[in-house]
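This report covers aromatic contacts and a nonpolar patch on the surface. Please read it alongside the sequence and coordinates.

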Amino acid sequence: MIKGRVRLSSAKVTAFAPANIALCKYWGKRNTELNLPVTSSLSISMGRLGTETTLSLNENRDVFYLNGVQTDQDSVFSKRTTEYLDLFRPDNSFFSVDTKNNIPTAAGLASSASGFAALAGVLNRLFKMELDKKELSVLARLGSGSACRSVYDGFVEWHAGARDDGMDSYAESLKAAWPELRIGIMTVSEKQKPKGSREAMAQTVKTSFFYRNWPDRVIHDLTAIKEAINGRNFELLGETSESNALAMHAAMIESSPAIFYWLPETIRIFHRVWELRQKLVPVYFTIDAGPNVKLLFLQGIENRIIKEFPDLQIVKPFESENV
Ligand code: DP6
């Protein structure tokens with residue numbers, strides 16, 4: 001299906017896609033081959049933080065560069081990229097892929113999401129497929145589930161869909177801006193995670209009793225987060241997002257063997273956030289499958305938050321100069 005729309009081009013093309021942070025998480029697949037999720041999810045894109053990918057055809061073999069360094073053919077990065085390119089590859093052709101992340105790779109900051117969204121973007125351009133955003137989202141999803149949300153800026157909802165072929169499982173922009181919203185990235189560790197999210201997700205679905213409640217939880221949280229966005233209710237947004245992330249981790253922790261991504265510093269940050277809320281400072285956190293924490297707050301308390309967390313990297317998702 002994909003190869004049918006491919007037209008060869010000798011050009012070198014570049015595309016950027018933002019990283020995204022889920023406020024209502026995607027955790028668990030109903031189809032591992034097509035990355036079809038058990039539930040819908042909702043994210044916010046990270047402005048200028050993400051992946052820039054340059055793609056061209058290459059003679060004889062594929063070559064991949066990650067942040068300027070050529071990657072080993074046996075690395076997970078090369079293998080996943082090759083597998084994805086195979087979906088598009090015309091007979092006897094090879095690619096040169098130059099991937100630049102301005103976020104830590106594999107540190108729970110969703111670099112695979114921006115990576116596959118950018119890769120789908122350059123393939124669309126190189127082969128002049130002229131896909132619209134919805135189709136691009138479906139293609140990005142084949143590389144990594146959360147990548148389907150990185151096709152857009154701002155708030156994004158990924159509809160789980162019900163079809164076996166996954167053609168109704170794509171993301172859409174919520175078309176709601178919240179210019180005062182800030183995301184603060186607290187990098188606790190840039191080390192590779194002990195267990196990748198793909199494996200962790202599959203294990204949770206298979207062995208966690210808590211996971212059985214997850215689909216109902218998501219229905220509740222999606223409704224609350226959309227209501228919060230529409231009504232500019234920051235407390236509802238923060239409380240629901242924080243609780244949703246903790247519920248995902250609860251299911252992982254309770255799976256067997258336990259998956260525990262938090263480091264002592266991660267937990268210290270949680271406590272500092274809760275202490276601030278006790279003092280009526282409206283700051284919340286979310287956390288993906290790793291030890292790094294993202295804070296959620298509004299512009300009005302930016303100085304206060306910087307004073308508390310001087311190392312914070314602040315993202316302004318709705319401003320053009322947004323980092
Ligand atoms: C915790 O999209 O990386 O960040 O589909 O297997 O590639 P694959 O998983 P991936 O999982 C992201 C999980 C998460 C939550 C989220 O982004 O919604």
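The sections below describe a predicted model, beginning with its aromatic pairs.

## Aromatic pairs

The model holds 12 aromatic pairs. One of them joins Phe155 and Phe318, whose ring centres are 5.3 Å apart and whose planes meet at 45 degrees, a tilted arrangement. Phe155 belongs to strand 8 (residues 155–158), while Phe318 sits in the segment after strand 13 (313–315), so the pair ties together parts 163 residues apart in sequence.

The two partners fall into separate burial classes. Phe155 is buried, because its relative accessibility is 1% and the buried class covers values under 20%. Phe318 has 22% relative accessibility and therefore counts as partly exposed.

Trp262 and Phe270 also pair: with 4.9 Å between ring centres and 85 degrees between planes, the geometry is edge-to-face. Trp262 counts as buried at 16% relative accessibility, and Phe270 is buried at 2%.

## Aromatic cluster

Trp262 and Phe270 are also members of one aromatic cluster, together with Phe260, Trp274 and Phe285.

Within this cluster, Phe260 lies in the loop between helix 6 (234–253) and helix 7 (264–278). Its relative accessibility is 45%, so Phe260 counts as partly exposed.

## Nonpolar surface patch

Which residues make the nonpolar surface patch of about 230 Å²? Ile253, Phe260 and Ile267 do. Phe260 thus appears both in this patch and in the aromatic cluster.

Technical notes
Residues are numbered from 1 along each chain as its sequence is written. This is a predicted model: local features need pLDDT of at least 70, side-chain atom pairs count only at pLDDT 80 or more; totals for chains, interfaces and linings use all residues. Side-chain values use heavy atoms; hydrogens and water are left out. Patches are made of residues with over 30% relative accessible area and no salt bridge: like charges are joined within 9 Å, nonpolar side chains (Val, Leu, Ile, Met, Phe, Trp, Tyr) within 5 Å. Accessible areas come from the Shrake-Rupley method with a 1.4 Å probe; for residues, only the protein chains shown count as cover. A salt bridge is a side-chain nitrogen of Lys or Arg within 4 Å of a carboxyl oxygen of Asp or Glu. Helices (H or I, at least four residues) and strands (E, at least two) are DSSP runs, numbered from the N terminus. Buried means under 20% relative accessible area, exposed over 50%, partly exposed in between (1.4 Å probe, protein chains only). Rings of Phe, Tyr and Trp (its six-membered ring) pair if their centres lie within 6.5 Å; planes under 30 degrees apart count as stacked, over 60 as edge-to-face and the rest as tilted.
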